[in-house]
Amino acid sequence: MTTNQALFERACQSIPGGVNSPVRAFRSVGGTPRFIAKAKDAYLWDEEGKQYIDYLGSWGPAIVGHAHPEVVEAVQKAAENGLSYGAPTKAEIELAECLIARIPSLEEVRLTSSGTEATMSAIRLARGFTGRNKIIKFEGCYHGHSDGLLVKAGSGLLTFGNPTSAGVPAEFAQHTLVLSYNQIDDVKAAFAKYGSEIACVIVEPIAGNMNLVKPIPGFLETLKEQCQAHGALLIFDEVMTGFRAGPQGVQGLTGITPDLSTFAKVIGGGMPVGAFGGRRDIMQYVAPVGPVYQAGTLSGNPVAVAAGLKTLEIIARPGFYEQLSRTAEMLTQGLTQLAKEAGIAFSADYVGGMFGIYFRETPPTTLEEAGDVNADQFKQFFHLMLDAGVHLAPSSYEAGFVSAAHHDNIINQTLEIAKVAFSQLT
Ligand SMILES: Cc1ncc(COP(=O)(O)O)c(C=O)c1O
């Protein structure tokens, strides 16, 4: 038995499924998760000392590369002054001001400790502000694991949802209308039927949780239009895309301004930080000024905020996003070319420092298309790459991430390994 196998067996005795977040368990690709002992720059090392080129990037946060010396120094300095106070700090203001300065739609923000808390709180706020209960989400978009968001579409078009998790009361799911991503007509039909009851629409403005799926022209515009016309709030969940798709998130790329936005991942630089924010008149509904309760013992934690602030400083340096996009482009174009040479049906896409690889001819635009891939070839490819020292996301429904530390030689090395892997697919 290998060390990773022994650790996995041991983990399964004390932790459900051996992991603290389900996708880490490799259920959709099979095999044994690698237990990570160390990460630096673009690399991971497992407990067996094996090195991997990392395309997980901690699922998004590791945008400047792992253990960036400036981030580590900022964390160490903050830690020396105490780990948590339960009282306000100057650094929290700096982080709030930094987010507001960079993200077009933000006038005020509240910090949380995770993306789940940020989206859950933004939805509560939208309900409190509008005095309405119903929300719209899109199948295949993930917004964290709060009850009302673990919902799939109901049995008929425009019927309210059903829970996707045991333990979520059907009554909670019944406030959530689940529509198909990129289906503009469904959005219009939903508003035509329920317009006056809808508190908000929450969307990943570029989806990263059904692999990378971009919005078709007109989709986000329709959400904005319909929300405005019916007095509902538009929430962009930029937990993944914020500071990852571009320096101002998807709202900066598209010019579409949501009423509320949520962030996490990059803004904590690898530490637990989330945020929700938006229009001041809406944010003024949050306690203690307003009636919508929201709180957190570790919200705005000084060590986590220090990591986030330093990360935001590094990514604002000239040329950062140009280099990041060029890296993602080099990787995705290289993989596409190699797959073509090997005669494999394959496509890839990217935005900023996130990318998708698809074992199908064209990038998907819907959840259905995202599932319509050669899953068997993905699994083989994943394991061939892993064995050869490249750690991709262990599911064909997940996006991948590059960092500023993924230099050209690392991408070239990845492509050499991929060339061999493509040639071995059956
Ligand atoms: C778009 C999006 N929203 C929300 C979340 C939940 O964030 P967290 O895992 O920090 O709770 C995620 C996590 O992957 C996400 O990708």
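Start by selecting Ala 126, which is found in helix α4 (residues 115–130); helices here are DSSP runs of H or I with at least four residues, strands are DSSP runs of E with at least two, and both are numbered from the N terminus. Before you go on, note that this is a predicted model, in which local features need pLDDT of at least 70 and side-chain atom pairs count only at pLDDT 80 or more, while totals for chains, interfaces and linings use all residues. Residues are numbered from 1 along each chain as its sequence is written, and side-chain values use heavy atoms, with hydrogens and water left out.

**Stop 1: around Ala 126**

Is Ala 126 buried or exposed? Ala 126 is buried, with a relative accessible area of 0%. Buried means under 20% relative accessible area, exposed means over 50%, and partly exposed is in between (1.4 Å probe, protein chains only).

Now show what Ala 126 touches: Ala 199, Cys 200, Leu 233, Ile 235 and Leu 260, not counting residues up to four places away in sequence. Contact means heavy atoms within 4.5 Å. For a distance check, draw a line from Ala 126 to Ala 306: the two are 180 residues apart in sequence and 29 Å apart in space, C-alpha to C-alpha.

**Stop 2: the cysteines**

Cys 200, one of the residues that Ala 126 touches, leads to the next selection. Pick Cys 227 and find its closest cysteine sulfur, which is in Cys 200, 8.0 Å away and too far for a bond. A disulfide is a pair of cysteine sulfur atoms within 2.5 Å, and the structure holds zero disulfides. Cys 227 is buried, with a relative accessible area of 2%. Select Cys 98 as well: Cys 98 is buried, at a relative accessible area of 14%.

**Stop 3: two domains**

Zoom out and colour the chain by domain. The assignment gives domain 1 (4–67 + 318–423) and domain 2 (69–316); such bounds come from an automatic or database domain assignment. The centres of domain 1 and domain 2, taken over C-alpha atoms, are separated by 25 Å.

How many residues of domain 1 are in contact with domain 2? There are 33 residues of domain 1 in contact with 34 residues of domain 2. The size of an interface is often given as the accessible area lost when the parts come together. Between domain 1 and domain 2 the buried area is about 2,600 Å², of which carbon and sulfur atoms give 63%. Buried area is the accessible area (1.4 Å probe) that two parts lose on being put together, summed over both.

Across the interface of domain 1 and domain 2, 13 residue pairs are in polar contact (both at pLDDT 80 or more). On the side of domain 1 that touches domain 2, the elements giving two or more residues are α11 (320–341), β13 (347–351), β14 (354–358) and α12 (367–371). Highlight β14, which gives the largest share of that side, five residues. A polar contact is a pair of N or O atoms within 3.5 Å; within protein, one must be able to donate a hydrogen and the other to accept it, and residues adjacent in sequence count only if both atoms are side-chain atoms.

**Stop 4: Asp 349**

Next, select Asp 349, which lies in strand β13. The count of salt bridges between domain 1 and domain 2 is one, and the side chains of Asp 349 and Lys 214 meet in a salt bridge (3.0 Å, N to O). A salt bridge is a side-chain nitrogen of Lys or Arg within 4 Å of a carboxyl oxygen of Asp or Glu. Leaving aside neighbours within four places in sequence, the contacts of Asp 349 include Leu 212, Lys 214, Phe 355 and Tyr 358.

**Stop 5: more salt bridges**

How many salt bridges does the structure hold? The structure holds 14 salt bridges. Side chains of opposite charge can pair when their charged atoms come close.

- Select Lys 40 and Asp 41: their side chains meet in a salt bridge (3.9 Å, N to O). Lys 40 is partly exposed at 30% relative accessible area, and Asp 41 is partly exposed at 34%.
- Select Lys 310 and Glu 313: their closest N and O atoms are 3.1 Å apart in a salt bridge. Both lie in helix α10 (residues 302–315), three residues apart, about one turn of the helix. Glu 313 counts as partly exposed at 38% relative accessibility.
- Select Arg 326 and Asp 408: this salt bridge has its closest N and O atoms 3.3 Å apart. Arg 326 lies in helix α11 and Asp 408 in helix α14 (residues 408–424), so the pair ties together parts that are 82 residues apart in sequence. Arg 326 is partly exposed, with a relative accessible area of 41%, and Asp 408 counts as partly exposed at 33%.

For the last view, select Glu 70, Lys 310, Glu 313 and Arg 317, which salt bridges with shared partners join into one network.
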